[in-house]
Protein chains: 2
Amino acid sequence: MGAKGLTRKKVVEEAIACIESTGHSVVSLHELARRLGIKTPSLYNHIESMKELQYEVFRYAVSSFVKHQNAATAGLEKDAAVRAFADAYYDFASTHKGLYRLIMSMPSAEDERDKEAALPLLNTARAILSQYGLAEESIAHWQRVFRAILHGFISQEDLGYFYYYDSLDLEKSRKIAVQCFLDGLHAELGEKRAEE
Amino acid sequence: MGAKGLTRKKVVEEAIACIESTGHSVVSLHELARRLGIKTPSLYNHIESMKELQYEVFRYAVSSFVKHQNAATAGLEKDAAVRAFADAYYDFASTHKGLYRLIMSMPSAEDERDKEAALPLLNTARAILSQYGLAEESIAHWQRVFRAILHGFISQEDLGYFYYYDSLDLEKSRKIAVQCFLDGLHAELGEKRAEE
DNA sequence: ATTGGAAAACTAACACTGTTAGTTGCATAA
DNA sequence: TTATGCAACTAACAGTGTTAGTTTTCCAAT
């Protein structure tokens, strides 16, 4: 054992804590080492690289997000579940800016391992929408639409693209967005029923 | 005049060309200098800083995007205009990945100048929606929802979060998303009419 | 209890960012 | 032709992440 009893787990935990407190999706190794009371290169006794550390934190972020969403929608059905999911999504992204930004800055398309780690994220939205009795293909489409709205909203708000009419209630905009999704979904369901 | 007749304008243009060709929202000064046939520090004879160069490219990106959107929706009304706007938006983001990413990575909330430069972006969507005869406040809300959907979709696709069911047609998802927005908007219009 | 070996800390250094200071050289205006 | 100024240059700094090589520290086996 080394002088300070540091482990890989503790390093990752400190990185998470750092990201949580700063709100940035990345933590500099310098800052991380400072907080752990060691010099920067010493970190490499516990992690292989920055990329690897990020991957570790990413997994935590995904797991944390999924748990949050599942807890918020447990026992709810259809529209109520959708609304709760949307609220919880917004809540997580606001409260854990750094983790959410990390989730949404992973170039998953390139790294096969990242893609796999991100899979649980998609299933959360799918689970909710599968209650409507749609075909698998439709669920996949609507789950994309749902996530697009949720992320698009948070992303633009975060970027500052919603602050131009700052007299305007953000929460109301969000309610309208979710209602819009539900109306669209209901319209689809109506068509489906009409076909039968 | 210097040896190579370089001007600030030419530097910015090369930066734009570089961003267009790489698809990244930033260009390294090293790469930029290399392409211009000079050494990195020489760039500072023409630009004040990286931030300033980015701002210049950002203004170009905004202007370019706005022109693109206006051209695509000229003469169209209501739903047709909305659909054309959405198609054009997607087209721009796909064709000019670097410029779009730059637009969507400006921390506008912090810099007052960036915010102002971004204003035209918002007016494009607003102009389309103002045709529906909604109240100013409603337009502002629905313009947020519209942009949230459009950006959310592109962003997630770009991140690779749509490639899990890659058998599934992306274009169809996009059509559903736009139709969802229109259905939601129509529902709002219906309510408004019912109130009268 | 002493010693050997492993694990983890350290310092020094490299490559890569953006950036500044100080110097050289070309080109146009006088 | 000369002089002024602009634009190129080299050298260097601070900041990233990272590697090599060295020293320290602790735990385990004798």
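## Exercises on a predicted two-chain model

Val178(B) counts as buried, because its relative accessibility is 11% (buried means under 20% relative accessible area, exposed over 50%, partly exposed in between, with a 1.4 Å probe and protein chains only).

Before you start: this is a predicted model, where local features need pLDDT of at least 70, side-chain atom pairs count only at pLDDT 80 or more, and totals for chains, interfaces and linings use all residues. Residues are numbered from 1 along each chain as its sequence is written, chains are lettered from A in the order in which they are written, and side-chain values use heavy atoms, with hydrogens and water left out.

**Exercise 1. Find out where Val178(B) sits and which residues it touches.**

Step 1: Look for the element. Val178(B) belongs to helix H8 of chain B, residues 170-195 (helices, H or I with at least four residues, and strands, E with at least two, are DSSP runs numbered from the N terminus).

Step 2: List the neighbours, skipping residues up to four places away in sequence. You should get Val82(B), Arg83(B) and Ala86(B) (contact means heavy atoms within 4.5 Å).

Step 3: Check one distance. Val178(B) and Arg83(B) are 95 residues apart along the chain, yet their C-alpha atoms are separated by 7.0 Å.

**Exercise 2. Describe how chain A is built.**

Step 1: Count the elements. Chain A has eight helices and zero strands.

Step 2: Look at burial. Of the 196 residues in chain A, 52% are buried.

Step 3: Take the contacts in chain A with a separation of 6 or more. Residues 24 or more positions apart make up 66% of them.

**Exercise 3. Work out which parts of chain A the salt bridge of Asp114(A) and Lys51(A) ties together.**

Step 1: Recall the idea. Side chains of opposite charge can pair when their charged atoms come close.

Step 2: Test the pair. The closest N and O atoms of Asp114(A) and Lys51(A) are 3.5 Å apart, and the pair forms a salt bridge (a side-chain nitrogen of Lys or Arg within 4 Å of a carboxyl oxygen of Asp or Glu).

Step 3: Place both ends. Asp114(A) is in helix H6 and Lys51(A) in helix H3 (residues 50-73), so the bridge ties together parts of chain A that are 63 residues apart in sequence.

Step 4: Compare burial. Asp114(A) is buried, at 0% relative accessible area, while Lys51(A) is partly exposed at 39%.

Step 5: Now try Glu31(A) and Arg34(A), a salt bridge with its closest N and O atoms 3.1 Å apart. These two are separated by about one helical turn, because they are three residues apart in helix H2 (residues 29-36) of chain A.

**Exercise 4. Describe the interface of chain A and chain B.**

Step 1: Count residues. Chain A gives 50 residues to the contact and chain B gives 49.

Step 2: Get the area. About 4,300 Å² is buried between the chains, with 64% of it from carbon and sulfur atoms (buried area is the accessible area, 1.4 Å probe, that two parts lose on being put together, summed over both).

Step 3: Find the charged pairs. The rule gives two salt bridges across the interface. Lys172(B) forms a salt bridge with Glu137(A), with the closest N and O atoms 3.3 Å apart.

Step 4: Name the elements. Helices H6 (112-129), H7 (136-159) and H8 (170-195) of chain A each give two or more residues to the side that touches chain B. H7(A) supplies the largest share, 16 residues.
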